[in-house]
Amino acid sequence: MSLGIYPVFHPPVSDASFDSHGEDLAMEFEALDELAEEYEIPALSSFGDTREIPEDFEGGPDELDELLGPCEEWFDCSQGIAAFESLARVILQNPDAAEALETPEAVADDLMALVEVLKIAKAQGAQFRLEMS
């Protein structure tokens with residue numbers, strides 16, 4: 001099983017199913033954040049758990065929650081929709097941006113899948129954050 005990035009909703013949204021494992025997003029995570037910075041788009045990392053991890057911490061997510069308490073940070077779906085649409089557009093329309101990624105089409109597809117699921121969550125008044133596992 002490989003690492004993936006996926007959305008989590010608050011409150012939960014039962015019919016907001018992310019149609020991807022988010023593996024391409026996880027694989028390209030650093031490159032995507034660099035592209036986002038270059039094109040002045042909010043980065044994927046800005047929609048995740050932004051708690052500061054202690055330097056000597058070596059545990060997993062559950063152990064981090066035990067140490068710091070659960071992550072309670074949630075984001076507006078509209079902000080995610082705008083950011084992920086913009087990033088997908090940059091990848092699909094700019095050859096230099098596409099070249100920065102190993103799988104640009106798959107990443108753009110995952111970003112647009114995020115957009116679609118965030119639209120469903122937004123309609124139900126939910127907030128979101130991205131998680132990686």
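Which residue in E3 does Pro7 stand opposite? It's Leu130, and the close-ups below, all taken from a predicted model, start from that pairing and work outwards.

**View 1. The three-stranded sheet, with E3 in the middle.** Here you see an open sheet that runs in the order E1-E3-E2, with antiparallel pairing. Strands in a sheet are held side by side through backbone hydrogen bonds, and the pairing can be parallel or antiparallel. E1 and strand E2 (75-76) sit at the edges with a single partner strand each, so one side of each has no neighbour in the sheet.

**View 2. Zooming in on E1 and E3, paired over six bridges.** The two strands run antiparallel to each other. Walk along the pairing and you meet Pro7 opposite Leu130, then Val8 with Arg129 as its bridge partner in E3, and His10 opposite Gln127. Side chains in a regular strand take turns between the two sheet faces. E1 has a covered face made up of Ile5, Pro7 and Phe9, while Tyr6, Val8 and His10 are on the uncovered one.

**View 3. E2 against E3, paired over two bridges.** This pairing is antiparallel too. Look for Phe75, which stands opposite Phe128 in E3.

**View 4. A cis peptide bond from His10 to Pro11.** Most peptide bonds are trans, but this one is cis, with omega near -5°. Pro11 belongs to the loop between strand E1 (5-10) and helix H1 (23-27). His10 is also the residue that stands opposite Gln127 in E3, and it's part of the uncovered face of E1.

**View 5. Glu40 and its positive phi.** Residues other than glycine mostly have a negative phi. Glu40 isn't a glycine, yet its phi is near 55°. You'll find Glu40 in the loop between helix H2 (29-38) and helix H3 (61-68). Is Glu40 buried or exposed? Its relative accessible area is 74%, so with exposed meaning over 50%, Glu40 counts as exposed.

**View 6. The largest pocket, at about 590 Å³.** Its lining takes in 24 residues, and the ones nearest the centre are Asp49, Pro61, Leu130, Glu131 and Met132. E1, H3 and strand E3 (127-132) each supply at least two lining residues. What's the mix by class in this lining? There are 13 nonpolar residues, five polar and six charged. Leu130 should look familiar here, as the residue opposite Pro7 in View 2.

**View 7. Asp65 and Arg51, joined by a salt bridge.** Side chains with opposite charges can pair once their charged atoms come close. In this pair the closest N and O atoms are 2.9 Å apart. The salt bridge links distant parts of the chain, with Asp65 in helix H3 and Arg51 in the loop between H2 and H3, 14 residues apart. Asp65 is partly exposed, at 30% relative accessibility. A search of the whole structure turns up five salt bridges, and this is one of them.

**View 8. Glu85 and Lys119, another salt bridge.** The closest N and O atoms here are 4.0 Å apart. This pair also connects distant parts of the chain: Glu85 is in helix H4 (residues 77-93) and Lys119 is in helix H6 (residues 104-123), 34 residues apart. Both ends are partly exposed, with relative accessible areas of 24% for Glu85 and 39% for Lys119.

**View 9. Glu131 with Arg129, plus a salt-bridge network.** Glu131 and Arg129 form a salt bridge whose closest N and O atoms are 3.0 Å apart. Which of the two is buried, and which is partly exposed? Arg129 is buried, with a relative accessible area of 8%, whereas Glu131 is partly exposed at 26%. Elsewhere, salt bridges with shared partners tie Asp49, Arg51 and Asp65 into one network. Two of these names link back to the pocket in View 6: Asp49 and Glu131 are among the residues nearest its centre. Arg129 links back to View 2, as the bridge partner of Val8.

Note on methods:
Residues numbered from 1 in each chain as written. Predicted model: local features only at pLDDT ≥ 70, side-chain atom pairs only at ≥ 80, totals over all residues. Heavy atoms only, no water. Helix = DSSP H or I, 4+ residues; strand = E, 2+ residues; numbered from the N terminus. Buried < 20%, exposed > 50% of the residue type's maximum accessible area, 1.4 Å probe, protein only. 1 Å grid on protein atoms, 1.4 Å probe; cavity = no way out; pocket = protein on both sides within 12 Å on 5 of 7 lines; lining within 4 Å. Points joined across faces, edges and corners; volume = space filled by probe spheres on them. Nonpolar A, V, L, I, M, F, W, Y, C, P; charged D, E, K, R; others polar. Pairing = 2+ DSSP bridges. Salt bridge = Lys/Arg side-chain N within 4 Å of Asp/Glu carboxyl O.
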